Amino acid sequence: MNRIVVADAGPLIALARIERLSLLFALYGSVVIPETVLAELCVESNRPGARVLSAALAEGLIEPRGLPRGCEVEMASLGFLLDAGESAAILLAQETPCRFLLIDERRGRQIARRRGIPIVGLAGVMLAAKQQGLLESVGSVLAALSRQGYQLSDALVEEVLRLAGETG
């Protein structure tokens with residue numbers, strides 16, 4: 001099975017801010033990102049999670065890649081609907097045989113699905129981590145993400161907790 005995961009910035013930043021970025025690498029190995037997403041990570045800043053992201057880059061766990069030539073028109077077209085990082089992540093996932101695109105933004109997920117790109121969000125990563133014995137509680141991680149301002153719908157949180165066996 002292909003182990004390449006392409007990621008948008010949001011999920012990486014969120015995991016780094018709660019010191020759980022290592023879950024992603026334990027599950028899938030390295031993560032590939034477009035250079036546009038690298039810029040959005042702001043690894044040289046003092047923002048929460050920047051140190052964790054910088055360390056992952058230095059260790060080669062996050063691998064920046066350029067977009068293939070000829071993507072400019074498509075990038076511009078997607079730019080009317082999405083931010084540059086999401087657009088570039090979708091295009092990279094489309095051009096790279098990948099396991100999935102890690103993206104949580106609703107419109108980005110819809111566009112990726114229409115293009116036939118397999119997608120997973122942070123909630124799916126948390127479920128996989130629990131199933132692999134890397135997490136005791138999905139609920140505690142979702143709560144930590146929420147405290148950091150990461151928005152997941154109540155319905156999604158409810159469903160993920162149900163699937164994780166953490167309800168009732």
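**Entry 1: Phe100 and its partner**

I looked up Phe100 and found a relative accessible area of 4%, so Phe100 is buried, the limit being under 20%. I note here that the model is predicted. I then turned to Tyr28, which has 7% relative accessibility and therefore also counts as buried.

I searched for aromatic pairs and obtained a count of one. The ring centres of Tyr28 and Phe100 lie 5.0 Å apart with the planes at 85°, and because an angle over 60 degrees counts as edge-to-face, I entered the pair under that heading. I recorded both values, since a pair of aromatic rings is described by the distance of the centres and the angle of the planes. Tyr28 belongs to helix 2 (residues 21–28) and Phe100 to strand 4 (residues 100–102). The two residues are 72 residues apart, and I noted that the pair links distant parts of the chain.

**Entry 2: The nonpolar cores**

I next examined the largest nonpolar core, which holds 44 residues. Leu12, Leu21, Leu24 and Met126 are the members that touch the most others. Helix 8 supplies the largest share of this core, with seven residues.

I followed Leu12 further. Leaving aside residues up to four places away in sequence, I found Leu12 touching Ala7, Leu21, Leu24, Val31, Ile33, Leu41 and Leu53. I also recorded a second core, separate from the largest one, with 19 residues. Ala88, Leu91, Leu92 and Ile111 are among its members.

**Entry 3: Helix 8**

How many of the 10 residues of helix 8 are buried? I found seven, so helix 8 is largely enclosed by the rest of the structure. The buried residues are Leu122, Ala123, Val125, Met126, Leu127, Ala128 and Ala129. I listed the elements against which these residues pack: helix 1, helix 2, strand 4, strand 5 (119–120), helix 9 (138–147) and helix 10.

I looked separately at Gly124, which is found in helix 8. Gly124 has a relative accessible area of 30%, so I recorded Gly124 as partly exposed. Its C-alpha atom is separated by 9.3 Å from that of Leu102, and the two residues are 22 residues apart along the chain. After helix 8 comes Gly133, with a positive phi near 75°.

**Entry 4: Helix 1 and the loop after it**

In helix 1, I found these residues buried: Ala9, Pro11, Leu12, Ala14, Leu15 and Ala16. Glu19 follows helix 1 and lies in the loop between helix 1 and helix 2. I noted that phi of Glu19 is positive, near 60°, in a residue other than glycine. Glu19 has a relative accessible area of 49% and is partly exposed.

**Entry 5: Cys42**

I looked for the place of Cys42 and found it in the loop between helix 3 (35–41) and helix 4 (50–58). Cys42 has a positive phi of about 50°, although it is not a glycine. Is Cys42 buried or partly exposed? I entered Cys42 as partly exposed, because its relative accessibility is 24% and buried means under 20%.

**Entry 6: Phe80**

I located Phe80 in the loop between helix 5 (72–78) and helix 6 (84–95). At 75% relative accessibility Phe80 counts as exposed, because the cut-off is over 50%. I took Ala123 of helix 8 as a reference point. From Phe80 to Ala123 I read 27 Å in space, C-alpha to C-alpha, and 43 residues in sequence.

**Entry 7: The largest pocket**

I closed with a search for pockets. Rolling a probe the size of a water molecule over the atoms shows where empty space is left. The largest pocket has a volume of about 490 Å³. I counted 23 lining residues, and Asp104, Glu105, Arg106, Arg109 and Leu152 lie nearest the centre. Helix 1 (9–17), helix 7 (106–114), helix 8 (122–131) and helix 10 (154–163) are the elements that give two or more residues to this lining.

Which element gives the most to the lining of the largest pocket? I found helix 7, with four residues. I sorted the lining by class and obtained eight nonpolar, six polar and nine charged residues.

Definitions and conventions: Residues numbered from 1 in each chain as written. Predicted model: local features only at pLDDT ≥ 70, side-chain atom pairs only at ≥ 80, totals over all residues. Heavy atoms only, no water. 1 Å grid on protein atoms, 1.4 Å probe; cavity = no way out; pocket = protein on both sides within 12 Å on 5 of 7 lines; lining within 4 Å. Points joined across faces, edges and corners; volume = space filled by probe spheres on them. Nonpolar A, V, L, I, M, F, W, Y, C, P; charged D, E, K, R; others polar. Core = buried A, V, L, I, M, F, W, Y, C linked by side-chain atoms within 4.5 Å. Buried < 20%, exposed > 50% of the residue type's maximum accessible area, 1.4 Å probe, protein only. Contact = heavy atoms within 4.5 Å. Phe/Tyr/Trp six-rings, centres within 6.5 Å; stacked < 30°, edge-to-face > 60°.
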